[in-house]
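Reader: I am a first-year student and would be grateful for a close look at a single part of this protein. Please take one loop residue as the starting point and then connect it to the rest of the chain.

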Amino acid sequence: MKMSLKHLFTTLTENPSPESEEALRHHSIELLNKCFPPVPATSDDPAAQSQSVATELKDLADALRTPSLRPVFTSTAAELLRSFLKQVLSVHISSTGSLLKLQTTTPPSPSLDTTTEGSLRPILVQSLRVLGNACIDTDPTRLLLLPDVLPCLLPLFAHPDLMVGTIAQSVFVNLCTDCPAAQKAAREAGAVGALLGVVERESEGGDCGMGLRGLGLLLQPGSESDQGSEIEEEGVERVVRVLLGYLGRGDVDVYERTLALDAVILGVGWEGGKRAIDTREGLTSLLRAVECAGSSDEEAVAFFADGDDDDLGGDDDDDDDEDDVENEYDEDAAEWTRARKDLDNTLASIEFTPSTITSTIPLVLLPWLQGSNEALWTTACVLLGNVALDEERCLEFVQEHGVHTHLFRIIRDATSKEAIHFAAGFLRNLAVPARNKDRLAEVEGCWDVLRGMWTRDGAGDVGLRVDGVAVARMLVNQNLGNAAFLMMGSEGLFEALMNVIPGTGPEEKKSSIDPRLEIERARTIVAVLRTLHFARKPALLMPMTRHQNPTTAAAALRCLVTQSTWPALRAEGFLGLALLGGKTDARGRKQVREVLLMEDVGGVVREVLLEKGEKGVRENARACVVGCTEEEEEEEEEMLRELRAMAVAVEGVIPTDP
């Protein structure tokens with residue numbers, strides 16, 4: 001029985017022997033002689049002969065989908081086969097490394113008519129498939145093929161047969177996926193430019209999905225030694241600009257659009273990519289591309305409509321094709337949503353030149369905030385919140401552009417947690433300047449929107465409750481009107497704030513409480529205490545001491561003094577306890593005494609009184625103890641007598657406002 005490549009590979013996998021290895025070598029020589037005979041062939045039909053070679057290669061390519069056969073490909077027995085495959089690729093490349101014009105060039109071998117599609121194309125396609133399947137998840141194969149195959153592979157990206165070019169790109173993707181060494185070699189070989197050419201030629205027909213995947217692989221972050229001039233020389237800035245232009249087209253399907261956006265996200269991780277979008281023109285181009293992509297209707301795209309399924313090793317079963325297509329579109333839509341979220345997170349991490357973002361407000365970002373697209377809301381809030389870091393710009397956003405009115409509407413109406421999160425973060429920044437606090441609080445339904453955030457109880461809503469409390473803290477901090485309204489102006493508003501962590505009294509286990517929410521609520525209580533005390537409005541503080549379920553205000557402050565990561569927050573906590581116990585009423589004083597008697601709080605008080613720590617902590621702890629305990633001989637609680645004796649021994653009684 002005549003041996004085939006598939007049979008020989010299977011034999012070498014299941015029952016290797018020197019005879020089988022020699023048989024593979026001999027068969028490889030036969031293939032080489034069929035396609036590249038030393039003398040012109042006269043007896044056999046060249047077309048039929050090359051078709052038989054293509055059939056063998058197709059069977060082997062299909063078989064190499066099975067991982068167990070792939071190690072044979074790297075063995076010494078397959079060395080001649082690898083050489084044959086390289087030669088198949090090489091006959092398409094001129095001495096200058098470019099594609100031969102096959103329709104006008106003399107064939108490399110009289111027996112292989114390269115002007116005949118039926119003779120050359122199947123061998124080339126199946127050779128590429130063998131190489132691609134052989135190196136799936138197989139680093140030894142990749143490293144073995146890199147030196148010889150990569151130089152022949154890159155020019156094939158521009159092959160006039162679109163299917164050949166796409167399969168060549170697929171082989172490249174397999175070579176480089178999860179293989180930093182291959183990615184580095186590809187960058188050095190000029191693969192970025194070759195793949196960018198694929199994207200630029202896409203308008204001529206076909207698709208560039210594999211080219212975009214390849215670009216994404218080469219733009220992936222690596223070690224500093226892997227990222228150097230070899231990619232910068234290709235011009236990452238130009239890459240990002242070309243991709244932005246591609247994204248802005250209206251005829252790109254969602255799959256390729258997602259790949260392009262992923263590549264842009266990776267590209268802006270490089271300095272050149274950042275430069276590409278940190279200009280008015282670059283950022284506007286990105287935003288318009290995203291806007292265009294979000295509003296375009298998806299249409300079915302027929303890939304390789306004139307292609308032969310046999311070339312790709314596809315099966316003939318067409319059952320459930322419609323369901324498969326529908327599932328693919330659902331998956332593509334989910335991937336686009338994922339890529340948009342990745343873009344928002346990436347934009348949030350970039351330190352833009354402020355003028356770049358502010359220049360896009362009138363024409364792009366403000367209309368987005370005024371619109372109804374939640375994905376665009378999110379991106380606008382990310383970018384604007386990114387630069388809302390100084391008083392002048394925050395005043396401009398509120399006093400001139402009135403963006404805060406849209407933010408409250410977004411928080412109220414959005415279904416996307418990301419949109420709500422970034423809108424609240426932007427709003428928190430806008431509430432920092434004193435002149436903005438009243439303007440924000442004047443928005444109709446402002447406090448109802450915040451109350452709604454505090455009471456969210458869905459899965460994953462804790463972070464949004466944190467955001468809502470943080471906005472309230474900035475509104476009440478050093479603003480008498482807002483602090484008074486939180487305590488007295490709306491029925492149950494302060495109770496809603498306290499109940500933002502339901503069922504978390506002092507006896508609850510700390511592990512059941514989200515520390516971010518606990519700390520943000522405590523800081524808001526301190527902000528109210530500080531604002532109303534220094535405004536000389538102690539009567540407005542009395543409702544705070546009446547709240548005892550699920551916890552008292554004093555117990556809510558406990559988290560600030562027991563945490564040790566941020567000394568400034570510990571100072572805030574002791575300041576709040578000092579004001580609550582010394583400036584309210586007997587109930588407030590009693591609640592603070594109960595907190596001081598807690599073992600963990602008492603331990604912290606001893607620690608800070610005995611040792612000089614960060615500014616404000618020791619002073620505020622002393623003021624808290626002295627203000628909430630009796631004279632030594634009158635104090636009934638032994639632990640409080642001990643703490644008071646330690647506090648009296650410390651000089652300086654004025655609490656510090658951090």
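Author: In this predicted model, Arg-536 has a relative accessible area of 73%, and it is therefore classed as exposed, the cut-off for that class being over 50%. The residue is placed in the loop between α30 (515-534) and α31. Its backbone deserves attention as well: phi of Arg-536 is near 60°, a positive value in a residue that is not glycine.

A second residue may be read beside it. Gln-478, which is likewise not a glycine, has a positive phi of about 60°. Gln-478 lies in the loop between α27 (462-476) and α28 (480-489). With a relative accessible area of 66%, Gln-478 is exposed.

The loop that holds Arg-536 leads to α31, and the helix itself may be taken next. Helix α31 covers residues 542-546, and Met-542 is found in it. Met-542 has 22% relative accessibility and so counts as partly exposed, whereas Arg-536 is exposed. Leaving aside residues up to four places away in sequence, Met-542 touches Thr-584, Asp-585 and Arg-587. Arg-587 stands 45 residues from Met-542 along the chain, yet the C-alpha atoms of the two are separated by 9.0 Å.

A comparable case occurs in helix α1. This helix covers residues 5-14 and contains Leu-12. Leu-12 counts as buried, because its relative accessibility is 10%. When residues up to four places away are set aside, Leu-12 touches Ser-17, Ser-20, Glu-21, Leu-24 and Val-72. The C-alpha atoms of Leu-12 and Leu-69 are 8.4 Å apart, although 57 residues separate the two along the chain.

These examples may be set against the whole protein. Among contacts with a separation of 6 or more, 75% join residues that are 24 or more positions apart. The protein has 37 helices and zero strands. Of its 658 residues, 51% count as buried. Its accessible surface comes to about 29700 Å², and carbon and sulfur atoms account for 50% of that area.

Aromatic rings offer further examples of links across the chain. The count comes to three aromatic pairs. One of them joins Phe-157 and Phe-172, with 5.7 Å from centre to centre and 85° between the planes, an edge-to-face arrangement. This pair links distant parts of the chain: Phe-157 is in the loop between α7 (139-156) and α8 (162-176), Phe-172 is in helix α8, and they are 15 residues apart. Phe-157 and Phe-172 are both buried.

Another pair consists of Phe-397 and Phe-426. Their ring centres are 5.7 Å apart and their planes meet at 80°; the pair is edge-to-face because that angle is over 60 degrees. Here too distant parts of the chain are linked, with Phe-397 in helix α22 (residues 391-400) and Phe-426 in helix α24 (residues 417-430), 29 residues apart. Phe-397 has 0% relative accessibility and therefore counts as buried. Phe-426 is also buried, at 1% relative accessibility.

A ring may also lie beneath a charge. The charged end of Arg-257 sits over the ring of Trp-336, at 5.3 Å from the ring centre.

The cysteines call for a brief remark. A disulfide is a covalent bond between the sulfur atoms of two cysteines. In this model the count of disulfides is zero. Two cysteines may serve as examples of surroundings: Cys-292 is partly exposed, with a relative accessible area of 23%, whereas Cys-394 is buried, at 2% relative accessibility.

Finally, the confidence of the prediction must be considered. The mean pLDDT of the protein is 83, and 83% of its residues reach 70 or more. Over residues 223-229, however, the pLDDT is below 50, and this stretch has eight contacts in the model beyond near neighbours in sequence. Residues 504-509 also stay under 50, with eleven contacts beyond four places in sequence. Where pLDDT is low, the predicted coordinates should not be read in detail.

Notes:
Residues are numbered from 1 along each chain as its sequence is written. This is a predicted model: local features need pLDDT of at least 70, side-chain atom pairs count only at pLDDT 80 or more; totals for chains, interfaces and linings use all residues. Side-chain values use heavy atoms; hydrogens and water are left out. Rings of Phe, Tyr and Trp (its six-membered ring) pair if their centres lie within 6.5 Å; planes under 30 degrees apart count as stacked, over 60 as edge-to-face and the rest as tilted. Helices (H or I, at least four residues) and strands (E, at least two) are DSSP runs, numbered from the N terminus. Buried means under 20% relative accessible area, exposed over 50%, partly exposed in between (1.4 Å probe, protein chains only). A charge sits over a ring if NZ of Lys or CZ of Arg is within 6 Å of the ring centre and within 35 degrees of the ring normal. A disulfide is a pair of cysteine sulfur atoms within 2.5 Å. Contact means heavy atoms within 4.5 Å. Accessible areas come from the Shrake-Rupley method with a 1.4 Å probe; for residues, only the protein chains shown count as cover. pLDDT is the predictor's confidence in each residue, from 0 to 100.
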